[in-house]
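Work through the following exercises with the model open beside you. Each task is followed by a solution that proceeds step by step.

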Amino acid sequence: MASVNELYNAQFMEHVQHPDYKYVMEDADRSHEGVNPSCGDDLTLQIKLGDDGRIEEAAFDGHGCAVSMASADIMSDLVIDKTPEEATALCELFMRMVRGEETDDEKLAALDEAAGLKSVSHMPARVKCAELAWRTLQEMLKDEQPSAPSTTE
């Protein structure tokens, strides 16, 4: 139970109850839908790139469990001012963390607040929820054009 208590702390619940990045962006450069068919979580992620190619703005809209929505909000904040390559590397690091494949706190420090979701690695049913936004961003950044909805299997 310690993992659940670690996850559902005040900081996490603030992202659930008052997400800063949950809105529809009017002038997004890219948009990509992500779906977790095993539980019904569904979100559309949008980003705007600055003239320097960095992510200038990130937002999401959709519905899902607390883990998927908080994770999307935390991720949106983290990737602002990052290049697509930096954001992709953060996505890969996050997914290794929630799968329990990366546990080195020095490496996980790059995830900033997202490292607080580390305890998800002890809750197999929640891993796909936590990964949804990160996988969606990763797929969006590898695709130049918007494509069909992504799914986490």
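**Exercise 1.** Determine in which element glutamate 131 is placed, whether glutamate 131 is buried or exposed, and which residues glutamate 131 touches.

Solution. Begin with the secondary structure, where helices (H or I, at least four residues) and strands (E, at least two) are DSSP runs numbered from the N terminus; glutamate 131 then falls in helix H6, which spans residues 124-142. Next, take the burial classes, in which buried means under 20% relative accessible area, exposed over 50%, and partly exposed in between, with a 1.4 Å probe and protein chains only. Glutamate 131 has a relative accessible area of 3% and is therefore buried. Finally, with contact defined as heavy atoms within 4.5 Å, and not counting residues up to four places away in sequence, glutamate 131 touches Phe94, Met95, Val98 and Arg99.

Two remarks on the source apply to every exercise. Residues are numbered from 1 along each chain as its sequence is written, and side-chain values use heavy atoms, with hydrogens and water left out. This is a predicted model, in which local features need pLDDT of at least 70 and side-chain atom pairs count only at pLDDT 80 or more, whereas totals for chains, interfaces and linings use all residues.

**Exercise 2.** Describe the overall make-up of the protein chain: how many helices and strands are there, and what share of the residues is buried?

Solution. Counting the elements gives six helices and four strands, and reading them along the sequence yields the pattern α-α-β-β-β-α-α-α-α-β. Turning to burial, 46% of the 153 residues in the protein chain are buried. For the surface, accessible areas come from the Shrake-Rupley method with a 1.4 Å probe, and for residues only the protein chains shown count as cover; the protein chain exposes about 7,500 Å², of which carbon and sulfur atoms supply 46%. As for contacts with a separation of 6 or more, 60% of them are between residues 24 or more positions apart.

**Exercise 3.** Find the salt bridges of lysine 48 and state which parts of the chain the pair with aspartate 27 links.

Solution. The criterion is a side-chain nitrogen of Lys or Arg within 4 Å of a carboxyl oxygen of Asp or Glu, and by this rule there are seven salt bridges. In one of them, the side chains of aspartate 27 and lysine 48 meet at 2.8 Å, N to O. This pair links distant parts of the chain, 21 residues apart, since aspartate 27 sits in the loop between helix H2 (10-17) and strand E1 (30-36), and lysine 48 in strand E2 (residues 41-49). With a relative accessible area of 45%, aspartate 27 is partly exposed, whereas lysine 48, at 16%, counts as buried. The side chain of lysine 48 also meets that of glutamate 57 in a salt bridge (3.7 Å, N to O), and Asp27, Lys48 and Glu57 are linked in a network.

**Exercise 4.** Locate phenylalanine 12 and identify its contacts beyond its neighbours in sequence.

Solution. Phenylalanine 12 has its place in helix H2, and a relative accessible area of 4% makes phenylalanine 12 buried. Leaving aside neighbours within four places in sequence, phenylalanine 12 is in contact with Leu7, Ala66, Val67, Ala70 and Leu117. For one of these partners, alanine 66, the C-alpha atoms of the two residues are 8.8 Å apart, although 54 residues separate them along the chain.

**Exercise 5.** Where is aspartate 81 found, and what is the sign of its phi angle?

Solution. Aspartate 81 belongs to the loop between helix H3 (66-79) and helix H4 (84-98). Its phi is near 75°, a positive value in a residue other than glycine. Aspartate 81 is exposed, because its relative accessible area is 54%. A parallel case is aspartate 112, in the loop between helix H5 (105-108) and H6, whose phi is near 50°, again positive in a residue other than glycine; at 56% relative accessibility, aspartate 112 counts as exposed.
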